[in-house]
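Q: Please take a close look at a single part of this model, and then place that part in its wider surroundings. I would like one connected account, with the cut-offs behind each term.

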Amino acid sequence: MDPVVPLPAAAPVRTRSGHYSFWRLLREGLRGQRGWRPAWVKAAPRPRYKVVIVGGGGHGLATAYYLAREFGITDVAVLEKGPIGLGNVGRNTTIVRSNYFQPPNIRFYEYSLRLWESFEQQLNFNAMVSQRGTLNLFHTEAQRDLFTRRANQMRLLGVDAEPVTREGVRALVPLVDLDNGRYPVLGGFLQPRGGTVRHDAVAWGYARGASERGVDIIEQCEVTGLRRADGRITGVETARGFIGADTVCLAVAGFSSRLAAMADVRLPIETHVLQAWVSEAIKPVLDVVLTYGAGHFYVSQSDKGGLVFGGAIDGYNTYAQRGTLPMAEEVAAAAVTLLPGLARLQVLRQWGGIMDMSMDGSPIISRTPVAGLVLNGGWCYGGFKAIPAGGMTTAHLIATGNPHPLAAHLGLERFAAGRTLDERGVGPFPYAH
Ligand SMILES: Cc1cc2nc3c(=O)[nH]c(=O)nc-3n(C[C@H](O)[C@H](O)[C@H](O)COP(=O)(O)OP(=O)(O)OC[C@H]3O[C@@H](n4cnc5c(N)ncnc54)[C@H](O)[C@@H]3O)c2cc1C
């Protein structure tokens with residue numbers, strides 16, 4: 001069975017910033033680069049829109065793009081408190097994959113992966129989509145069973161998942177110390193179609209695509225309040241004045257609880273910080289995305305040569321985009337356990353992003369108790385890969401009033417009804433997801 005709902009073909013758009021191509025590069029090179037125009041218009045707010053999307057991150061911009069492209073709804077504003085792309089969409093470690101456990105989540109993330117596969121052609125934007133494979137290592141027989149079960153679920157749904165022997169791991173990643181003293185590697189599972197996508201190009205590509213279709217992208221426009229009348233949303237208070245709207249969509253990731261509270265909606269979301277690191281550039285040593293199953297550590301190598309790596313969220317609730325030292329120590333320990341050759345590598349940069357951790361580890365794409373107020377959030381620390389599907393299904397919900405079939409399980413009501421989708425089987429503890 002094909003789990004993916006196919007995309008309808010869209011009408012081509014004449015782009016204001018022009019079609020990007022080899023010939024365009026050549027032409028601009030020959031005439032002093034004078035023909036380029038900004039990729040998106042820096043719009044000023046109008047008094048009223050049909051749809052206002054709060055948050056110019058990946059999900060907000062993708063929702064605006066698909067509203068315009070798939071549903072012809074262009075009376076849309078995306079309001080971003082800073083410049084677009086400086087939230088988590090530009091802070092993540094760029095991994096895309098669909099190796100989830102719960103079948104509805106596998107279908108949703110697989111849909112996203114398929115949208116990534118056509119992303120660059122559809123948006124005419126180079127996002128460096130690199131399907132280099134994601135390799136998850138296992139270290140105990142119990143973990144082998146668990147991973148086998150997950151791979152079987154995926155394969156039953158037509159999604160790629162391949163077992164890899166110890167020798168196979170050695171061949172794929174010679175740097176791995178298979179017999180490391182802490183947790184020897186028994187094998188792994190590879191999703192060959194997983195990989196990486198350049199994160200900030202995703203924000204720029206969607207911003208360009210939405211702007212070309214008439215969406216207003218309004219930067220430096222913080223939303224400070226949500227105005228309601230008779231149980232229905234009527235607009236947003238912003239740093240640049242009131243903006244009326246029939247529908248308001250919150251796509252603010254780590255700020256979801258704070259924004260929803262402005263409409264007296266309490267969300268099953270906690271905010272935590274997640275850190276990442278990048279090393280100095282070295283020659284190519286790693287051509288898959290690698291994750292360590294005995295701790296939380298994952299790593300890939302960027303095209304510039306730096307190793308990009310991260311671990312689990314910090315245990316503390318915070319809105320600070322920094323992170324604390326204990327997690328840095330834990331990640332470094334896991335890194336040198338698995339890949340001792342990294343021990344003398346210099347770290348160039350470290351940063352943090354604030355995560356909207358849901359109670360069951362699954363996202364939320366949903367109506368809310370306030371009519372006209374829609375939520376896209378609860379991405380935990382896996383929402384980058386979900387951007388195309390999150391945008392498409394949120395646009396569907398806004399345009400039709402009904403959940404998209406692939407996101408019908410992601411409604412807020414599941415928490416009250418006890419139908420949570422515990423992706424990792426760890427219970428209602430956001431920090432554990
Ligand atoms: C270190 C790190 C590594 C990660 N690695 C991965 C990974 O490898 N793969 C993966 O799938 N996911 C990963 N993630 C998670 C992923 O980045 C997020 O889940 C996803 O980007 C969240 O969606 P977004 O892009 O819409 O969020 P954001 O980019 O954070 O967008 C939300 C926007 O809302 C804006 N905003 C907030 N409040 C207001 C307001 N009041 N008014 C106006 N605007 C407002 C913010 O400024 C922000 O720009 C990682 C995250 C981090 C931090």
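A: The part chosen here is strand β4 (residues 134-138), which is largely enclosed by the rest of the structure because five of its five residues are buried. A residue is called buried if 20 or more other C-beta atoms lie within 10 Å of its own, exposed if 12 or fewer do, and partly exposed in between, with C-beta atoms placed from the backbone. Strands (E, at least two residues) and helices (H or I, at least four) are DSSP runs numbered from the N terminus. The model is a predicted one, in which local features need pLDDT of at least 70 and side-chain atom pairs count only at pLDDT 80 or more, while totals for chains, interfaces and linings use all residues. Residues are numbered from 1 along each chain as its sequence is written.

In a regular strand the side chains alternate between the two faces of the sheet. In β4, T134, N136 and F138 point one way and L135 and L137 the other, and all of them are buried. Two strands are said to pair if DSSP finds at least two bridges between them. By that rule β4 pairs with strand β6 (residues 187-191) in the antiparallel sense over five bridges, and L137 stands opposite G188 in this pairing with β6. Strand β13 (residues 289-292) runs parallel to β4 and is joined to it by three bridges, with L290 of β13 as the bridge partner of L135.

From β6 one can follow F189, which has its place in that strand and counts as buried because 22 C-beta neighbours lie inside 10 Å. Two residues are in contact if their C-beta atoms, placed from the backbone, lie within 7 Å. Not counting residues up to four places away in sequence, F189 touches N136, F147, A151, A161, E162, P163 and V164, and N136 belongs to the β4 set that includes T134 and F138. From F189 to S112 the separation is 77 residues in sequence and 20 Å in space, C-alpha to C-alpha.

Ahead of the strand in sequence comes the loop between α3 and β4, where N124 has its place. N124 has a phi near 50°, a positive value in a residue other than glycine, and it counts as partly exposed because it has 17 C-beta neighbours inside 10 Å.

The wider setting is a chain divided into domain 1 (37-126 + 198-268 + 360-432) and domain 2 (134-194 + 271-358), with bounds that come from an automatic or database domain assignment. Their C-alpha centres lie 27 Å apart, and 32 residues of domain 1 are in contact with 28 residues of domain 2. On the side of domain 1 that touches domain 2, β3 (95-96), α3 and α7 (256-261) are the elements giving two or more residues, and α3 gives the most, with five. The residues of that side divide into 15 nonpolar, 12 polar and five charged, where Ala, Val, Leu, Ile, Met, Phe, Trp, Tyr, Cys and Pro count as nonpolar, Asp, Glu, Lys and Arg as charged, and the others, Gly among them, as polar.

A nonpolar core is a set of buried Ala, Val, Leu, Ile, Met, Phe, Trp, Tyr and Cys residues joined through C-beta atoms within 7 Å. The largest such core has 122 residues, and V52 and V54 are those with the most contacts inside it. Helix α3 (residues 103-123) gives the most to this core, with nine residues. Domain 1 and domain 2 both give residues to the core, so it lies between them. Leaving aside neighbours within four places in sequence, V54 is in contact with L79, V223, V236, V248, C249, L250, A251, V252 and L259.

The ligand, too, draws on both domains, since at least three residues of its shell come from each of domain 1 and domain 2. A residue is near a molecule if its C-beta atom, placed from the backbone, lies within 6 Å of it. Of the 37 residues around the ligand, G55, G57, G87, G353 and G383 come nearest, and the elements that give two or more residues to the shell are α2 (58-71) and β12 (269-281). By class, this shell has 15 nonpolar, 17 polar and five charged residues.
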